[in-house]
Amino acid sequence: MPRPIALNVNGKSVSIGIDDPNMPLLYALRNDLGLHGPRFGCGLGQCGACTVHIDGDSVRSCVTPLSSVGNGKIVTLEGLGTPEEPHPVQKAFIEEQALQCGYCINGMIMQSATLLATTPNPSEGQIKDALANNLCRCGTHLRIVRAVRRAASGS
């Protein structure tokens with residue numbers, strides 16, 4: 001029998017019924033809450049497609065059990081900004097056309113937002129280091145780095 005679990009997602013309190021407290025957070029976000037920013041990529045926490053923020057830190061939701069979230073504040077790509085008021089990183093990614101297929105972009109944007117929150121003016125090396133564990137197969141890495149630099153500069 002499912003038991004309710006309370007979560008704080010994108011500034012809203014929500015409750016879902018779960019059978020397994022070790023169910024990955026990603027499944028709850030996508031299947032129960034209908035949020036499709038975080039994506040299932042590898043299922044091992046290695047590609048970054050499932051990245052979300054919990055209390056401001058980037059985490060891989062495909063390997064984060066619901067039982068470990070507790071009272072953490074979860075932010076997904078949908079909660080980072082809005083279509084009317086995108087987050088500076090989202091805006092910069094659009095302006096630099098820093099995506100192709102779009103599969104990796106959730107992780108790239110979420111990881112970049114975390115980087116800029118802690119390092120407002122990162123060097124190119126710091127950007128590359130922060131994004132090193134986010135896989136992109138389309139080869140838009142140069143545009144992604146430009147987008148993070150643009151977001152950091154505020155232009």
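Let's start with β3 and strand β4, residues 57-60, which pair in the antiparallel sense over four bridges. Two strands count as paired here if DSSP finds at least two bridges between them. Helices and strands themselves are DSSP runs, numbered from the N terminus: H or I over at least four residues for a helix, E over at least two for a strand.

Before we go on, a word on what you are looking at. This is a predicted model, where local features need pLDDT of at least 70 and side-chain atom pairs count only at pLDDT 80 or more, while totals for chains, interfaces and linings use all residues. Residues are numbered from 1 along each chain as its sequence is written, and side-chain values use heavy atoms, with hydrogens and water left out.

Back to our pair of strands. Find Thr51, and opposite Thr51 you will see Arg60 in β4. β3 and β4 make a hairpin with two residues between them, and in that turn Asp55 has a positive phi of about 50°.

Now, which residues of β3 are buried on each side? Thr51 and His53 are buried on one side, Val52 and Ile54 on the other, so that both faces are covered. "Buried" means under 20% relative accessible area, "exposed" over 50%, and "partly exposed" in between, using a 1.4 Å probe and protein chains only. In a regular strand the side chains alternate between the two faces of the sheet.

β3 has a second partner too: two bridges join β3 to β5, and these strands run antiparallel. There, Ile54 stands opposite Ile74.

β5, residues 73-75, also takes us to β1, with which β5 pairs in the parallel sense over two bridges. Look for Asn8 opposite Lys73. On to β2: strand β1, residues 3-9, and strand β2, residues 12-18, pair in the antiparallel sense over seven bridges. Arg3 has Ile18 of β2 as its bridge partner. This is another hairpin with two residues between the strands, and Asn10 in the turn has a positive phi of about 55°.

Next, the helices. In helix α1, residues 25-32, Leu25, Leu26, Ala28 and Leu29 are buried. What covers them? The cover includes β1, β2, β3 and β5. After α1 comes Gly34, with a positive phi near 70°.

One more residue to find is Thr114, in helix α4, residues 105-118. Thr114 is buried, with a relative accessible area of 12%. And what does Thr114 touch? Leaving aside residues up to four places away in sequence, Thr114 touches His53, Gly56, Asp57 and Ser58, where a contact means heavy atoms within 4.5 Å.

Let's step back to the whole chain. It has six helices and five strands, and from the N terminus the order is β-β-α-β-β-β-α-α-α-α-α. Buried residues make up 42% of the 155 residues. Among contacts between residues at least 6 apart in sequence, 56% join residues at least 24 apart.

Finally, the overall shape. Along its principal axes the C-alpha trace spans about 50 × 30 × 25 Å. With 155 residues, a compact globule would have a radius of gyration near 15 Å, and this chain has 15 Å, which agrees. That radius is taken over C-alpha atoms, and the globule rule is 2.2 Å times the number of residues to the power 0.38.
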